[in-house]
Amino acid sequence: MSFSWTPHRFAGGALALDVANSVVLRHDARRRIDRFAVRDQMRSFPSAAAEFCAERALFGDITPVAEENEADFLALREAIDLYFRERIQNSGGDQLLAGLLEALAKTLRGASPGGLAAATAHSVLRLIAMPDPERMKICGNCGWLFIDRSKNRSRAWCDMAVCGNRAKANRHYRRKKEETP
Ligand SMILES: [Zn+2]
């Protein structure tokens with residue numbers, strides 16, 4: 001099956017979260033998929049981000065990460081997920097912030113201006129400083145990180161059309177099973 005960067009894959013609401021979400025079902029070792037493990041997919045990510053990412057107006061057109069900076073960029077991606085996931089789950093993560101900042105500094109040293117790495121780094125800094133961190137959540141279906149911009153802050157899924165419907169279908173399926181003697 002051919003892969004494409006659809007709007008759903010930018011449901012994070014911030015570039016740094018969309019980058020972290022390039023790993024699908026991160027905590028399910030059997031079903032986990034790393035979209036950036038396929039080089040073409042990592043290289044086509046920036047042009048899709050310029051089209052679909054919620055922060056696109058802030059960074060405009062961005063270029064792919066230079067080959068020699070890819071390892072640092074992927075390390076930054078992991079640090080982003082580690083820190084923000086911990087911040088959401090345990091309202092903590094302070095001990096992980098140092099690691100994130102270190103990964104940021106390392107990535108920025110090799111990053112070209114106007115590139116994905118630099119844009120992601122800036123997105124991270126905006127997220128660290130966001131005034132309403134309680135809006136950042138973990139999708140109850142796929143485990144992605146996302147920002148809940150809804151008025152009453154009641155979103156449980158990264159994308160209602162995809163994960164919300166899947167969760168509903170699962171509940172329905174479970175109920176049916178339970179009803180069957
Ligand atoms: Zn989801």
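**Entry 1: salt bridges**

A salt bridge, as I use the term in this notebook, is a side-chain nitrogen of Lys or Arg within 4 Å of a carboxyl oxygen of Asp or Glu. I note at the start that I am working with a predicted model. With that rule in hand I looked up aspartate 81 and found that it forms a salt bridge with arginine 85, where the closest N and O atoms are 2.8 Å apart. Both residues sit in helix H4, and because they are 4 residues apart there, about one helical turn separates them. I then checked how open the two partners are: aspartate 81 has a relative accessibility of 3%, so it counts as buried, and arginine 85, at 7%, counts as buried too. Sharing of partners between salt bridges joins Arg26, Asp34, Arg77, Glu78, Asp81 and Arg85 into one network.

Next I followed aspartate 81 to another partner, arginine 26, with which it also forms a salt bridge, the closest N and O atoms being 3.2 Å apart. This pair links distant parts of the chain, since aspartate 81 belongs to helix H4 (residues 70-90) while arginine 26 lies in the loop between strand S1 (23-24) and strand S2 (33-34), 55 residues apart. Aspartate 81 and arginine 26 are both buried.

I also looked up lysine 106, whose side chain meets that of aspartate 72 in a salt bridge at 3.9 Å, N to O. Lysine 106 lies in helix H5 (residues 94-110) and aspartate 72 in helix H4, so this pair ties together parts that are 34 residues apart in sequence. Lysine 106 has a relative accessible area of 47%, and I therefore wrote it down as partly exposed. My search of the whole structure ended with 14 salt bridges.

**Entry 2: the zinc site**

Which residues coordinate the zinc ion? I found Cys139, Cys142, Cys158 and Cys163, each through its SG atom, at 2.3 to 2.4 Å. The angles among the 4 donor atoms run from 107 to 116°, and the site is tetrahedral. Reading along the sequence, I noted the spacing of the donor residues as C-x2-C-x15-C-x4-C. One pair of donors links distant parts of the chain: cysteine 142 is in the loop between strand S3 (136-138) and strand S4 (145-147), and cysteine 158 is in the loop between S4 and H7, 16 residues apart. Cysteine 142 is buried, with a relative accessible area of 11%, and cysteine 158 is buried as well, with a value of 3%.

**Entry 3: a pocket and a cavity**

I turned to empty space in the model and found that the largest pocket holds about 260 Å³. It is lined by 13 residues, of which Val24, Leu25, Asn141, Cys142 and Arg166 are the closest to its centre. Cys142 had already appeared in my notes as one of the residues that coordinate the zinc ion. Helix H7 (residues 160-179) gives the most to this lining, with 4 residues, and by class the lining has 6 nonpolar, 3 polar and 4 charged residues.

I then looked for enclosed space and counted 1 cavity of 30 Å³ or more. The largest cavity has a volume of about 50 Å³, and the residues that line it include Pro64, Val65, Asn69, Ser112 and Leu116. Helix H6 (residues 116-128) supplies the largest share of this lining, 3 residues. How many charged residues does the lining of the largest cavity have? I found none, for it divides into 7 nonpolar and 4 polar residues.

**Entry 4: backbone angles and one loop residue**

As background I wrote down that most residues other than glycine have a negative phi. Leucine 25 has a positive phi, near 50°. This leucine, which also lines the largest pocket, lies in the loop between S1 and S2 and is buried, with a relative accessible area of 19%. The cut-off for buried is under 20%, so leucine 25 falls on the buried side of it. Arginine 153 likewise has a positive phi, near 50°, and its place is in the loop between S4 and H7. At 37% relative accessibility, arginine 153 counts as partly exposed.

Last, I looked up serine 91, which is found in the loop between H4 and H5. Is serine 91 buried or exposed? Its relative accessibility is 68%, so it counts as exposed. I also compared its position with that of proline 133: serine 91 and proline 133 are 42 residues apart in sequence, and their C-alpha atoms are 9.4 Å apart in space.

Notes: Residues are numbered from 1 along each chain as its sequence is written. This is a predicted model: local features need pLDDT of at least 70, side-chain atom pairs count only at pLDDT 80 or more; totals for chains, interfaces and linings use all residues. Side-chain values use heavy atoms; hydrogens and water are left out. On a 1 Å grid over the protein atoms alone, a cavity is a set of points where a 1.4 Å probe fits but cannot get out, and a pocket is an open set with protein on both sides within 12 Å along at least five of seven lines; lining residues have an atom within 4 Å of a point. Grid points are joined across faces, edges and corners, and a volume is the space filled by probe spheres set on the points. Helices (H or I, at least four residues) and strands (E, at least two) are DSSP runs, numbered from the N terminus. Ala, Val, Leu, Ile, Met, Phe, Trp, Tyr, Cys and Pro count as nonpolar, Asp, Glu, Lys and Arg as charged, and the others, Gly among them, as polar. Donors are N, O and S atoms within 2.8 Å of the metal (3.2 Å for Na, K and Ca); water is not among the atoms, so sites may look incomplete. Four donors count as tetrahedral if all angles lie between 85 and 135 degrees; four count as square planar and six as octahedral if opposite donors are over 155 degrees apart and all others between 65 and 115; anything else is irregular. Buried means under 20% relative accessible area, exposed over 50%, partly exposed in between (1.4 Å probe, protein chains only).
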